[in-house]
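Morning, everyone. Please bring up the structure on your screens, and I will walk you through it.

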Amino acid sequence: MSLTIPSPTVSATPSAEPRTYQVRTFGCQMNVHDSERMAGLLEDAGYVPADGEIADVVVFNTCAVRENADNKLYGNLGQLRQVKAANPGMQIAVGGCLAQKDRETIVKKAPWVDAVFGTHNVGALPALLDRARHNNEAQLEILESLDVFPSTLPTKRDSVYAGWVSISVGCNNTCTFCIVPSLRGKEKDRRPGEILAEIQALVDDGAVEVTLLGQNVNSYGVEFGDRQAFSKLLRACGEIEGLERVRFTSPHPAAFTDDVIDAMAETPNIMPQLHMPLQSGSDKVLKDMRRSYRSSRFLGILDKVRDRIPNAAITTDIIVGFPGETEEDFQATLDVVEKSRFASAFTFQYSKRPGTPAADLPDQLPKAVVQERFERLTALQDRIAAEENARQLGRTVEVLVTAQSGRKAEETHRLSGRSKDQRLVHFSVPSGADTPRPGDFVTVTITEAAAFHLVADPATAGDYVLRRSRAGDAWDRSQAESCGVPSPGSVSSKAGVSLGMPSLPARRA
């Protein structure tokens, strides 16, 4: 669907200066990855990242799943209304899941928006902005099916040392609480060769870690009829020289098979970490959710994973207060959480999503009941997370250093990174030791543990081992290039400048 809607947009006088952009992202890892595509498209079209000043183009990549997603979007759009009025020629675009769902509503509620595009036509963004400027009218283009696979589009990566790689888009499941299938469509799988070629390109550009993305990664291959395609893909990742860490998200318990567990255990660069969405521990609620597994199946998967990968850190998603959830149902969730010993959990209070079957179910629970159960669940999970982290005391871990530091970094002078099992580690550098760059690796011993992070304070330089990496070299190049300073061995790259996106939460959404 493509519509042109009158807008008060004022065309800017052409300027020799390149137009600047900013991408603001809400939602899941898939949205973050899509934002890298949007940024790549804009830079390919001649835009440059905004550096503190008001951007000429602001793009919102929206979510329709998270609570109050629409309020967050319209609140941000409202804040920009006067900014745009004071800056003729500024443009605002809205894309992503909420754009796919709300369509004309966005332009009706916020007529100062210049372009609205959906999840299936990310590649249209530069053209829509050009048309809006030329026609002095807002452009709305929502396709009902995928135009081109997003990974074929230019990319502006948010990190030089790690990257996202989509292996599929869309979902064939029919969970009653989820609107994703109607917004992103049926599952479409990429061919393994295309995926591995993209991973190789990331590695050649300096990346040492990739995360494979899909709404249901372990159903990968359904489109071309290979039930073991995902485990084969994981093993193929193990053959890529220089690729040190591979992660994936998210699998579905109903489709999680033993060959995937075997591939994880037997492929050295597949990390000992698994995100396995539970949603509820009640078999009745799981049935109402149309989650085609039961709690015994879920716990059985965790047992198999821990049998093959003893130190695996397992995380999850849980929804509290689904329609019809009784106290007995909720207690079943608490029981499964206690048995599962999750390293962390993303916990959500159920809220209606228009267009989902669950929104029309009877026995919608009062907010006060949902809130009280949510608080009990998070208290339990916080205790378990603290206990599981306490078990890490005294362990020696290898940490991939990241560009992000903790909130108290200025006070503690610690740097931050992720261990192989994805735990957040804040560490200090001993006096006289070399400081790592983002993308380098350090080996340290855990000296303190909290519920949501670990601390390593080496007593001497001998307790701290630094391993410089190609990713650290790539970080140096990206910093030099962003300042216009050539560096030895520098290569053309689209990596290294932040999109202004929030980092993924370490605790829960």
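Let's start at tyrosine 350. Its relative accessibility is 13%, and that is under the 20% limit, so tyrosine 350 counts as buried. Keep in mind that this is a predicted model.

Who is its ring partner? Tyrosine 350 forms an aromatic pair with phenylalanine 322. The pair is edge-to-face. The ring centres are 5.5 Å apart, and the planes stand at 70° to each other. There are six aromatic pairs in the structure.

Where do the two rings come from? Phenylalanine 322 is in the loop between strand 14 and helix 12, residues 327-340. Tyrosine 350 is in the loop between strand 15 and helix 13. They are 28 residues apart, so to speak a link between distant parts of the chain. Is phenylalanine 322 buried or exposed? Buried, because its relative accessible area is 0%.

Now a third residue at this spot: alanine 358. Alanine 358 is in the loop between strand 15 and helix 13. It is buried too, because its relative accessibility is 0%. What does alanine 358 touch, beyond its neighbours within four places in sequence? Its contacts are Thr176, Phe177, Phe322, Pro323, Tyr350 and Gln364. Both rings of our pair are on that list. Then look at aspartate 288. Alanine 358 and aspartate 288 are 70 residues apart in sequence. In space, C-alpha to C-alpha, the separation is 8.4 Å.

Next, the strands beside those loops. Strands 13, 14 and 15 make an open sheet, in the order 13-14-15, with parallel pairing. Which strands are at the edges? Strand 13, residues 273-275, and strand 15, residues 344-349, each pair on one side only. From one strand to the next, the twist averages 10°.

Strand 14 covers residues 313-320, and six bridges join it to strand 15. One example: valine 320 has glutamine 349 of strand 15 as its bridge partner. Across strands 14 and 15 lies helix 13, residues 367-390. Helix 13 runs at about 175° to strand 15.

Move back along the chain to strand 11, residues 209-213. How many of its residues are buried? Five of five. Both faces are covered. Glu209, Thr211 and Leu213 are buried on one side, Val210 and Leu212 on the other.

Strand 11 has parallel partners. Strand 8, residues 162-166, pairs with strand 11 over five bridges. Strand 12, residues 245-249, also pairs with strand 11 over five bridges. Follow leucine 212 through both pairings. Leucine 212 is the bridge partner of valine 165. In strand 12, its bridge partner is phenylalanine 248.

Leucine 212 also takes us to the core. As background, nonpolar side chains tend to be buried together in soluble globular proteins. Here, the largest nonpolar core has 51 residues. Which members touch the most other members? Ile199, Leu212, Phe230 and Phe256.

Take phenylalanine 230. Leaving out residues up to four places away in sequence, phenylalanine 230 touches Ile167, Leu212, Val217, Asn218, Tyr220, Phe248 and Val260. So to both bridge partners we just met, Leu212 and Phe248, add a contact with this ring residue. A second, separate core has 27 residues, including Phe60, Tyr74, Leu80 and Ile142.

Last region: another open sheet. This one has seven strands, in the order 20-21-18-17-16-19-22, and the pairing is mixed. Strand 20, residues 448-449, and strand 22, residues 465-467, are at the edges. Each has a single partner strand, so one side of each has no neighbour in the sheet.

Strand 19, residues 441-445, runs antiparallel to strand 22, with three bridges between them. What stands opposite arginine 467 of strand 22? Phenylalanine 441. Arginine 467 also lies over the face of phenylalanine 441, at 4.2 Å from the ring centre.

One more aromatic group before the overview. Tyr293, Phe298 and Phe342 form one cluster.

Now zoom out. The protein chain has 15 helices and 22 strands. Of its 509 residues, 54% count as buried. Take the contacts between residues at least 6 apart in sequence: 76% of these join residues at least 24 apart. The link between phenylalanine 322 and tyrosine 350, where we began, has its residues 28 apart.

Terms used. Residues are numbered from 1 along each chain as its sequence is written. This is a predicted model: local features need pLDDT of at least 70, side-chain atom pairs count only at pLDDT 80 or more; totals for chains, interfaces and linings use all residues. Side-chain values use heavy atoms; hydrogens and water are left out. Two strands pair if DSSP finds at least two bridges between them. Helices (H or I, at least four residues) and strands (E, at least two) are DSSP runs, numbered from the N terminus. Axes are lines fitted to C-alpha atoms, for helices over the stretch in contact, and angles run from 0 to 180 degrees between N-to-C directions. Contact means heavy atoms within 4.5 Å. A nonpolar core is a set of buried Ala, Val, Leu, Ile, Met, Phe, Trp, Tyr and Cys residues joined through side-chain atoms within 4.5 Å. Buried means under 20% relative accessible area, exposed over 50%, partly exposed in between (1.4 Å probe, protein chains only). Rings of Phe, Tyr and Trp (its six-membered ring) pair if their centres lie within 6.5 Å; planes under 30 degrees apart count as stacked, over 60 as edge-to-face and the rest as tilted. A charge sits over a ring if NZ of Lys or CZ of Arg is within 6 Å of the ring centre and within 35 degrees of the ring normal.
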